[in-house]
Amino acid sequence: MTHGDGDLDGLVRKRIRALRLAQGWSLDELASRANLSQSTLSRIENGQRRLALDSLVTLARALDTTLDQLVETAAEDVVSSPAIDAARSQMRWQVKADPGMSVIRQRMTEPPPENPTRMRAHPGHEWFVVLSGTAILMLGNRRIRVETNQAAEFPTMLPHAIGAEGGPCEVLGIFDRDARRGHQRGGSGGPEEKEWGHG
């Protein structure tokens with residue numbers, strides 16, 4: 001076993017114990033759920049018994065996780081910096097675990113368009129939280145106020161636009177792959193394009 005393997009071995013054992021404690025389970029309770037003896041589970045957690053694949057699969061299932069998650073190693077690049085678009089007062093981060101997802105921080109100063117023809121509809125799903133100020137979400141025929149620390153989540157097949165009310169607001173939005181592509185295809189330079197600025 002290499003040093004790296006030893007590190008992973010110890011990490012997996014600690015993770016099993018941490019997940020068990022997070023559930024509030026005793027050794028006996030997890031052992032029962034995983035069809036193992038209490039002494040076997042204790043030796044697994046304490047490093048006195050070899051980690052066998054069949055035991056790991058059973059333990060992962062009992063802990064309501066997957067084998068991949070149980071043996072996942074820590075990513076080295078945990079911290080990432082945003083791409084900054086100063087012209088749109090925008091920061092954008094890619095979500096490494098799901099490259100199709102983007103997180104965007106945007107400062108908005110203009111109200112959303114009242115004209116339905118300037119609203120956008122496309123496949124996907126969007127979520128945003130208002131960090132400061134008040135945002136207005138135009139969604140179909142609805143005009144929805146979203147205040148500081150409130151969040152909105154909606155299917156993007158409904159025509160929508162987002163803007164500020166009563167002064168600047170700052171919004172953090174999450175877009176799935178389809179929603180991001182929908183904004184990239186828009187490219188019209190209308191209010192929605194300026195606000196979320198995909199492209």
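In this predicted model, helix α4 is followed by D64, a residue whose phi is positive, near 60 degrees. Most residues other than glycine have a negative phi, which makes this spot a pleasant place to begin a tour. D64 is not a glycine, yet its phi takes a positive value. The residue sits in the loop that runs between α4 (53-62) and α5 (67-70). With a relative accessibility of 69%, D64 counts as exposed.

A second residue with a positive phi turns up further along the chain. N149, again a residue other than glycine, has a phi near 75 degrees. Its setting is the loop between β6 (142-147) and β7 (151-155). N149 counts as exposed, its relative accessibility being 67%.

Helix α4 itself, just ahead of D64, repays a closer look. Which of its residues are buried? They are S55, L56, L59, A60 and A62. Viewed down the axis of α4, these buried residues fall within an arc of 160 degrees, so they line one face of the helix. An α-helix has 3.6 residues a turn, so residues three or four places apart point the same way. On the face of α4 that is turned away from the buried side, the exposed residues are L53, D54 and R61.

Attention now turns to charged side chains. Side chains of opposite charge can pair when their charged atoms come close. How many salt bridges does the structure hold? There are eight salt bridges in the structure.

One of these lies within a single helix. The side chains of R13 and D9 meet in a salt bridge, with 2.6 Å from N to O. Both residues belong to helix α1 (residues 3-22), where they are four residues apart, or about one turn of the helix. Are R13 and D9 buried or exposed? Both of them are buried.

Helix α1 also takes part in salt bridges with another helix, through E45. The first partner to consider is R17, whose side chain meets that of E45 in a salt bridge of 4.0 Å, N to O. R17 lies in helix α1 and E45 in helix α3 (residues 38-46), so this pair ties together parts that are 28 residues apart in sequence. R17 is partly exposed, because its relative accessible area is 43% and the partly exposed range runs from 20% to 50%. E45, in turn, is buried, with a relative accessible area of 11%.

E45 forms a salt bridge with R20 as well, and here the closest N and O atoms are 2.7 Å apart. This pair too links distant parts of the chain, with E45 in helix α3 and R20 in helix α1, 25 residues apart. Both E45 and R20 are buried. Elsewhere in the chain, R143, R145, E147 and E165 are linked in a network of salt bridges.

The strands bring the description to its sheets. Three strands form an open sheet in the order β6-β5-β8, and their pairing is antiparallel. Which strands stand at the edges? β6 and β8 (160-164) do, each with a single partner strand, so one side of each is left without a neighbour in the sheet. From one strand to the next, the twist averages 20 degrees. Within this sheet, strand β5 (residues 134-139) and β8 run antiparallel and are joined by five bridges. As a handy landmark for this pairing, the bridge partner of L137 in β8 is I162.

Another open sheet has six strands, in the order β1-β2-β3-β9-β4-β7, and its pairing is antiparallel. Its edges are taken by β1 (83-85) and β7, each with a single partner strand, so one side of each is left without a neighbour in the sheet. The twist in this sheet averages 20 degrees from one strand to the next. Strand β2 (residues 90-94) and strand β3 (residues 102-108) run antiparallel, with five bridges joining them. Here M91 has R105 as its bridge partner in β3.

The loop that holds N149 offers a link between the two sheets. It lies between β6 and β7; β6 stands at an edge of the sheet of three strands, while β7 stands at an edge of the sheet of six.

Note on methods. Residues are numbered from 1 along each chain as its sequence is written. This is a predicted model: local features need pLDDT of at least 70, side-chain atom pairs count only at pLDDT 80 or more; totals for chains, interfaces and linings use all residues. Side-chain values use heavy atoms; hydrogens and water are left out. Buried means under 20% relative accessible area, exposed over 50%, partly exposed in between (1.4 Å probe, protein chains only). The arc is that of the directions from the helix axis to the C-beta atoms. Two strands pair if DSSP finds at least two bridges between them. Axes are lines fitted to C-alpha atoms, for helices over the stretch in contact, and angles run from 0 to 180 degrees between N-to-C directions.
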